[in-house]
2 protein chains.
Amino acid sequence: MVPHLTTALSGPLQELEKRLLGNATRIEQWFRSEWIEHTPPFYGSVDLRNSGFKLAPVDMNLFPGGFNNLSDDFLPLCVQAAHAAVERLCPDASRLLLIPENHTRNLFYLQNVARIASILGLTGLEVRIGSLLPDVTEPTPIELPDGSSLLLEPLVRHGNRLGLKDFDPCAVLLNNDLSAGAPALLQGLEDQWLLPPIHAGWATRRKSNHFAAYDQVAARFARLLDIDPWLVNPYFGRCGELNFHDRTGEDCLATQVDALLTMIRQKYAEYGIKETPFVVVKADAGTYGMGVMTVRDASEVVGLNRKQRNKMSVIKEGQQVSEVIIQEGVHTLETVNGGVAEPVVYMMDHYVVGGFYRVHGERGRDENLNAPGMHFEPLAFETCCNVPDCKKSTDAPPNRFYAYGVIARLALLAAAVEIEQTAPAELASA
Amino acid sequence: MVPHLTTALSGPLQELEKRLLGNATRIEQWFRSEWIEHTPPFYGSVDLRNSGFKLAPVDMNLFPGGFNNLSDDFLPLCVQAAHAAVERLCPDASRLLLIPENHTRNLFYLQNVARIASILGLTGLEVRIGSLLPDVTEPTPIELPDGSSLLLEPLVRHGNRLGLKDFDPCAVLLNNDLSAGAPALLQGLEDQWLLPPIHAGWATRRKSNHFAAYDQVAARFARLLDIDPWLVNPYFGRCGELNFHDRTGEDCLATQVDALLTMIRQKYAEYGIKETPFVVVKADAGTYGMGVMTVRDASEVVGLNRKQRNKMSVIKEGQQVSEVIIQEGVHTLETVNGGVAEPVVYMMDHYVVGGFYRVHGERGRDENLNAPGMHFEPLAFETCCNVPDCKKSTDAPPNRFYAYGVIARLALLAAAVEIEQTAPAELASA
């Protein structure tokens, strides 16, 4: 049942992973003190890339949509961590409203919603599902492939509170990333817990803010372990005034790409790395793997053809792209059954609760795997990320996954810092 | 690998378990509110008995000694829950001193100590082991059967702090139940966290105080579910002035036994139960299964022979027994590979983290199984206690184990209440 993991998992011990394992106690202690200062998000998932010489997050999702891809073995961990999240963020809640994405035909996604609802139900919350879809004007049951069903209900706003017709929840949990903007229904819910906060939605969130916060977190972590922060942190830059259609801002983009590639080349030379450097250009507010382009030379972003410009200019919910992040690319060394793979780690509160591999059979080691044709290998994690076994060699699966859990939690901590730093002024001073 | 579970697990749906499953959300919500009021013990284990008509705790251990009997599958849950316990009770601790029982030859027990140390190490604590044994005057390594080793070190007291020669811990965790009394070394540690508190040790703890607290908890829980509290709560009484050697106090004992048997007979008649009622007489401060006797008629406790009196009069560490609890006996319906079995549920903070069956091939359904000849079946729990699957029938293993987790947590909550109610006056008013 566990996929055969080639190359990465059978390769030589990696210096970085050895360092993480050898310092597990200090790392956990450091995390404990950081979580006293910073409130963890309710939940999140992190896409990691492991190039052998570098292990880093490339994306951090605050509205994770793949709980259905986690192995059932992870369920007890999810329930325990959800307990902790509820106790921390809304301890006296008894009813919770879950607001999903506006997909009614994506049954994979809806199974994720059902899984989240079931986990939260086991923490002692009555969970119901409210839809932002204008079409949902009455309770709408949807049959799921596993034989269960999900009931989408129309949202009802009463003054400062959001609920359903006969359901007044204490807390509202978003599994909708608000790419299309934060609807009026969700604004000013003063008497209810809204998780994550509305400014964490993609209407206002920017990847570049996240990775700026990650810079700070990675720097502190690197000092703790006396390592080069670059080993866990991809370089990035941003361009804020792009228009792919009328080709304005191409110069900014080319300059940033060139500057980043130069910095990466220097690092590769320093460490004797023979790979070809690359960067990934992404919509700064993009998600679902849309608006993503791999670039190996600055000249590639000048004079984009129509197809490339179309691909980069529109993302989820038809939003126009005018801001991009240019991120150092991290090759992925891992393959699962011959397909290039990257680990995705799931967290609730500050706990790692599971993970899976995103696998793409037709993409290269330096390409975005979050694209049509990908699939998930839910059982690839042989054991959970919080139990390293120091007696085993570093490339034993439990150990590698511990390292993944550490890096994923760095990104989670960065998200906590990012949410603090981007909070609207009235919140920040509250 | 999973033992075949006969009778109990293949039997008909039980009314009580159905009630627990059907109310899982309300139960979890109720626990959540209770844990806001009461601080959970750092860790604990509960012996349960399931007679089919009744599911109840018969013992609650605040110094659990069987972590080595838990399946490795439970490790991630243990680590996650230990994180929660540390964050709640000693959030800024970085070094922890673990004080085990004074066993140097019981390698099974020492494997438990190693397991606890390893779990706590993964929460970011530097853990070392200090021994109360006067013989341990220098660091003493002990080889364990799994090839690892454990280092016992002599305790050093500096003013108000306890530590090792070059180790000043923030917290002291007892895995020694203090049956022989609370040594001066442990008294007055004002600047350190001492877990569990010293008055939870068997020098002062009484089973009858625990079950008095359990009476209160079970009554609240029964009101929540509108059930007869007797279904989850064994009757009990106590005798406080016994001397088995000179036969004083036998009348008190006989009177209590008779009163309890009469009450049980009435309940059996009310529910149409055909079993023979029995009570268990136990040393009120006893542990390790010592000082325990099954009684089916009051006449059995009058005129005990020398062997019986010897068995009842001395318990662990040679302590004399002058106080006993008389507890309603609960038949166990469960068998594992032909041996009579009772579940033992392990918890850290307020989380269920695992369990196993205690099995005895030569004892009856109405006898104490904690006796020489017992063994443990670590894999009997097919899944963890916090994930009921409401779509499955009640006797599916995940569901039965959910019910066990609920009752075990009731006993844990009772222990929290007991620790509050028995706290010395200066603590209680602090």
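In this predicted model, Tyr288(A) sits in a loop of chain A. The loop connects strand S13 (279-283) to strand S14 (292-295). Tyr288(A) has a relative accessibility of 37%, so the residue counts as partly exposed. Buried would require under 20%, and exposed over 50%. Leaving aside residues up to four places away in sequence, Tyr288(A) touches Glu101(A), His103(A), Asp177(A), Lys316(A) and Asn370(A). Ala371(A) is 83 residues away from Tyr288(A) along the chain. Even so, the C-alpha atoms of Tyr288(A) and Ala371(A) are separated by 8.0 Å.

Helix H5 of chain A covers residues 207-225. Its 19 residues should span 27 Å at 1.5 Å a residue. The end C-alpha atoms of H5(A) lie 26 Å apart, which agrees with that expectation. The buried residues of the helix include the aromatic side chains of Phe211(A), Tyr214(A) and Phe221(A). Also buried in H5(A) are Ala213(A), Val217(A), Ala218(A), Ala222(A) and Leu225(A). Lys207(A), Ser208(A) and His210(A) complete the buried set. Asp226(A) follows the helix and has a positive phi, near 55°.

Chains A and B meet through 37 residues of chain B and 37 residues of chain A. The area buried between the two chains is about 2,900 Å². Carbon and sulfur atoms give 55% of that area. No salt bridges are counted between chain B and chain A. Polar contacts, by contrast, link 14 residue pairs across the interface, with both residues of each pair at pLDDT 80 or more.

On the chain B side, three elements give two or more residues each to the surface that touches chain A. These are helix H2 (24-37), helix H3 and strand S18 (351-360). H3(B) gives the most, with 11 residues. By residue class, the chain B side divides into 19 nonpolar, 11 polar and 7 charged residues.

Helix H3(B) itself covers residues 75-89. At 1.5 Å a residue, its 15 residues should span 21 Å. The end C-alpha atoms of H3(B) are 21 Å apart, so the expected and modelled spans agree. Of these 15 residues, 13 are buried. H3(B) is therefore largely enclosed by the rest of the structure. This enclosed helix is also the element that gives the most to the side of chain B touching chain A.

Key: Residues are numbered from 1 along each chain as its sequence is written. Chains are lettered from A and ligands numbered from 1 in the order in which they are written. This is a predicted model: local features need pLDDT of at least 70, side-chain atom pairs count only at pLDDT 80 or more; totals for chains, interfaces and linings use all residues. Side-chain values use heavy atoms; hydrogens and water are left out. Helices (H or I, at least four residues) and strands (E, at least two) are DSSP runs, numbered from the N terminus. The expected span of a helix is 1.5 Å times one less than its number of residues. Buried means under 20% relative accessible area, exposed over 50%, partly exposed in between (1.4 Å probe, protein chains only). Contact means heavy atoms within 4.5 Å. Buried area is the accessible area (1.4 Å probe) that two parts lose on being put together, summed over both. A salt bridge is a side-chain nitrogen of Lys or Arg within 4 Å of a carboxyl oxygen of Asp or Glu. A polar contact is a pair of N or O atoms within 3.5 Å; within protein, one must be able to donate a hydrogen and the other to accept it, and residues adjacent in sequence count only if both atoms are side-chain atoms. Ala, Val, Leu, Ile, Met, Phe, Trp, Tyr, Cys and Pro count as nonpolar, Asp, Glu, Lys and Arg as charged, and the others, Gly among them, as polar.
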